[in-house]
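Reader: Could you walk me through one part of this model up close? I'd like to start from a single residue in the sheet and work outwards to whatever packs around it.

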Amino acid sequence: MLKKEMFSYLLDLKENNNRDWFAENKKRYETESKLTKQFFNEVGEALGKIDNIENIQIFRIYRDVRFSKNKLPYKINFSAGYRRTKPILRGGYYLHIENDASFVGGGFWEPNTEDLLRIRKEIALDASELREIIAEENFVKYFGTLQGEELKTAPRDFDKNHPDIDLIRKKQYLVTRSFTNKEVLDANFKDEVIKTFQVMRPFFDYMTEVLTTNLNGESII
């Protein structure tokens, strides 16, 4: 289980996001970081029993401020990503722990130009399978709908009047499920995270099929 002291630390860090305070409270950081890393690895171990995970990436708390207008040196969250084994499988899981802003997410954050075009062409050809996946009861219960940035109009060479233009104009294909602090601290939180990842699987498997075949359904790997 995660402990309430973790949220207390993250809240204090948010209010004192500077190097002097961080150094003075380094032991608190080390304690909370160790516990969250253990939790993230336990999630990864459980996820690895139901999916093929290539690696677990536990993100650093230090922000890269070189090219950012936001010069605050530290993130105010703990987070980890779980990438499925490429090139056979596609999609990535994400777990974000933040005071009053925790969530489980996943999907395709920045698909490259080739992959994005392939996804759009598949949707333009036949979106019925994807529509069925995102209309499934648990998918709607957990995620609502597909999220992510999208174009204001149709991409080049796509019909702006296509019946599935809402899916075609997306630049990202993401899902997220939010959790309250109380839910994060609950003894069943890890189980809820895994259940949430499981509900993503049909979406990931669909995208995997699309991105590993051509429009004729022939394998390209």
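Author: Sure, let's start with His96, which is in contact (heavy atoms within 4.5 Å) with Asn77, Phe78, Ser79, Ala101, Ser102 and Phe103, leaving aside its neighbours within four places in sequence. Keep in mind that this is a predicted model, where local features need pLDDT of at least 70, side-chain atom pairs count only at pLDDT 80 or more, and totals for chains, interfaces and linings use all residues. Residues are numbered from 1 along each chain as its sequence is written, and side-chain values use heavy atoms, with hydrogens and water left out.

His96 sits in strand S3; helices (H or I, at least four residues) and strands (E, at least two) are DSSP runs, numbered from the N terminus. With a relative accessible area of 8%, His96 is buried (under 20%; exposed is over 50%, partly exposed in between, with a 1.4 Å probe and protein chains only). Its C-alpha atom is 18 Å from that of Asp12, a residue 84 places away along the chain.

Now the sheet itself. Five strands make an open, antiparallel sheet in the order S1-S2-S3-S4-S5, where two strands pair if DSSP finds at least two bridges between them. S1 (53–58) and S5 (173–179) are at the edges with a single partner strand each, so one side of each has no neighbour in the sheet. Direction ignored, neighbouring strands here are turned by 15 degrees against each other on average. S4 (residues 102–108) runs antiparallel to S5, and seven bridges join them; Gly106 stands opposite Val175 in S5.

Two helices pack on this sheet. H3 (residues 26–48) touches S1, S2 (77–84) and S3 (92–98), and its direction makes about 25 degrees with that of S2. H9 lies across S2, S3, S4 and S5, at about 15 degrees to S4. For these angles, axes are lines fitted to C-alpha atoms, for helices over the stretch in contact, and values run from 0 to 180 degrees between N-to-C directions.

H9 (residues 189–211) also meets H4 (residues 113–125), at an angle of about 105 degrees and with the axes 9 Å apart. That makes H4 roughly perpendicular to H9 (the range for that is 65 to 115 degrees; under 35 is roughly parallel, over 145 roughly antiparallel, and the rest oblique). H4 brings Asp115, Arg118, Ile119, Glu122 and Ile123 to this contact, while H9 brings Tyr206, Met207, Val210 and Leu211.

Zoom in on Glu122: at 16% relative accessibility, this residue of H4 counts as buried. Not counting residues up to four places away in sequence, Glu122 touches Ala127, Tyr206, Val210 and Leu215. The C-alpha atoms of Glu122 and Leu215 are 6.8 Å apart, though 93 residues separate the two along the chain.

What about the core? The largest nonpolar one has 55 residues, and those with the most contacts inside it are Tyr82, Leu95, Ile97, Ile123, Phe189, Phe197 and Phe203. H9 supplies the largest share, twelve residues. Here a core is a set of buried Ala, Val, Leu, Ile, Met, Phe, Trp, Tyr and Cys residues joined through side-chain atoms within 4.5 Å. Beyond four places in sequence, the contacts of Phe203 are Gly107, Phe108, Leu130, Ile133, Phe139, Leu146 and Tyr173.

Finally, have a look at the loops on either side of S3. Pro87 is in the loop between S2 and S3, and the peptide bond from Lys86 to Pro87 is cis, with omega near 0 degrees. Asp100, in the loop between S3 and S4, has a positive phi, near 60 degrees, despite being a residue other than glycine; at 62% relative accessibility, Asp100 counts as exposed.
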